[in-house]
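Visitor: Hello! I'm new to this structure and would love a close look at one part, the place where its two domains meet. Could you walk me through it?

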Amino acid sequence: MDTIDLRSDTVTHPTSAMRAAMAAAAVGDDVYDEDPTVHALQDYAAELLGKEAALFFPTATMSNLTAVLTHCGRGDEVILSHKAHIFEYEQGGASALGGVVYRTLPVNFDGTLDLQAIEAAIRPDDVHFTRTRLVCLENTVNGCGGTPITAEYTDAVGELVRKHGLKLHLDGARLFNAAAALNVSPERLVRAADSVQLCLSKGLCAPLGALLVGSKEFITQARRVRKVLGGGMRQAGVIAAAGLLALQQMRQRLIEDHYTAQLLAEGLAEIEGVRVEPVHIRTNMVFFHLPAGVDSDAFVAELKARNVILRGRSPFRLVTHYYITPERVRYALSAMREVLARLRVAA
Ligand SMILES: Cc1ncc(COP(=O)(O)O)c(C=O)c1O
């Protein structure tokens, strides 16, 4: 990648090893369940998370939607954070397409939902109410700055959910960042979850792809839901080959992205007037406010002219990934210093 693209870890391109594996991949018709590379990826993911089975998807959004629609029927209710990606950024898909009702709860700064609040939101069996079926958690918690949530907290939610005969789905789009940050195995982090969504195309560099992991019975049902959503793929082994490398080789290095996020945060904090939100920097995301009076659009445009790509307005979110080396962080910081000095003079 030529530019220093800090908008998201979704911007990562496939590595050369991935491109070679894709070219050489053995393939078959995956709707007939005959693609050997898809099988290899699904088996690997299921084993990695200590679950029985997995299913390959083109996107994390479709994987999450399939999970909710498999757990819930029309009129059923799902409890989740008001900042959950599933609620905020997936077009309310389970409501739009499956008649599922979202019940949101306020999320704490550390990414958790209060256990008492979850319990209080669970509906009693009464003809007036929807039926609560599912609780969704996210790890890392995107809406809380990429904060990882612990295995113990997830266990506690799992226990609560089981006590009430519900299910627990975990949106693990960045689960391996959480595992790296907490120094815990991914399997341990998801032990209490009935289903887990894993994304291969964020910090792990696969060009696309996600997985849904759970029991054999759940995955059999999910396969039907994926098909009706238009997610039955054919020779998908070509992309699964990159996904396998993502899981086998790329997740172990995510701690490097956490290190570059720290470097970025420390450098930003040294720039006069810039305010970094240090409480959030646990994984690969950095949030910062521009000095008062500096125009966000001008800042973004001036940086773009220097090959540094940001998105949005102050407070900005920067995300580190495979293509953001310490050297590139240093370049981005010097570009930001220079741009801010210019914009201050102009203001
Ligand atoms: C936590 C989380 N879940 C799900 C998704 C959906 O991923 P995609 O847009 O690749 O389908 C994202 C995307 O950034 C995400 O951050």
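How many residue pairs are in polar contact between domain 1 and domain 2?

Guide: Happy to help! The model is a predicted one, in which local features need pLDDT of at least 70 and side-chain atom pairs count only at pLDDT 80 or more, while totals for chains, interfaces and linings use all residues. Residues are numbered from 1 along each chain as its sequence is written, and side-chain values use heavy atoms, leaving out hydrogens and water.

The two domains are domain 1 (9-251) and domain 2 (253-346), with bounds that come from an automatic or database domain assignment. Their centres, taken over C-alpha atoms, are 30 Å apart. In contact across the boundary are 25 residues of domain 1 and 17 residues of domain 2, where contact means heavy atoms within 4.5 Å.

The size of an interface is often given as the accessible area lost when the parts come together. Here about 1700 Å² is buried between domain 1 and domain 2, and carbon and sulfur atoms give 61% of that; buried area is the accessible area (1.4 Å probe) that two parts lose on being put together, summed over both.

Now to your question: 8 residue pairs, both at pLDDT 80 or more, are in polar contact between domain 1 and domain 2. On the side of domain 1 that touches domain 2, helix α8 (residues 175-182) gives the largest share, 5 residues. By class, that side has 12 nonpolar, 10 polar and 3 charged residues. (Nonpolar here covers Ala, Val, Leu, Ile, Met, Phe, Trp, Tyr, Cys and Pro, charged covers Asp, Glu, Lys and Arg, and the others, Gly among them, are polar. A polar contact is a pair of N or O atoms within 3.5 Å; within protein, one must be able to donate a hydrogen and the other to accept it, and residues adjacent in sequence count only if both atoms are side-chain atoms. Helices (H or I, at least four residues) and strands (E, at least two) are DSSP runs, numbered from the N terminus.)

What about salt bridges, a side-chain nitrogen of Lys or Arg within 4 Å of a carboxyl oxygen of Asp or Glu? Between domain 1 and domain 2 there are 0, although 17 salt bridges are counted by this rule. One of them joins the side chains of Asp-76 and Arg-133, at 2.8 Å, N to O. Asp-76 belongs to strand β3 (residues 76-81) and Arg-133 to strand β5 (residues 131-138), so this pair ties together parts 57 residues apart in sequence.

Three residues are worth a visit. Thr-283 sits in the loop between β9 (275-276) and β10 (285-289). A polar atom of its side chain lies 2.6 Å from the backbone oxygen of Gly-146. Not counting residues up to four places away in sequence, Thr-283 touches several others, including Thr-140, Asn-177, Ala-181 and Asp-257. With a relative accessible area of 0%, Thr-283 is buried; buried means under 20%, exposed over 50%, and partly exposed in between (1.4 Å probe, protein chains only).

Val-286, in strand β10, is buried at 0% relative accessibility. Among the residues that Val-286 touches, leaving out those up to four places away in sequence, are Ala-261, Leu-264 and Phe-316.

Finally, Leu-247 is part of helix α11 (residues 237-250) and is buried, at 0% relative accessibility. With residues up to four places away in sequence left out, Leu-247 touches Leu-41, Phe-176 and Gln-252, among others.
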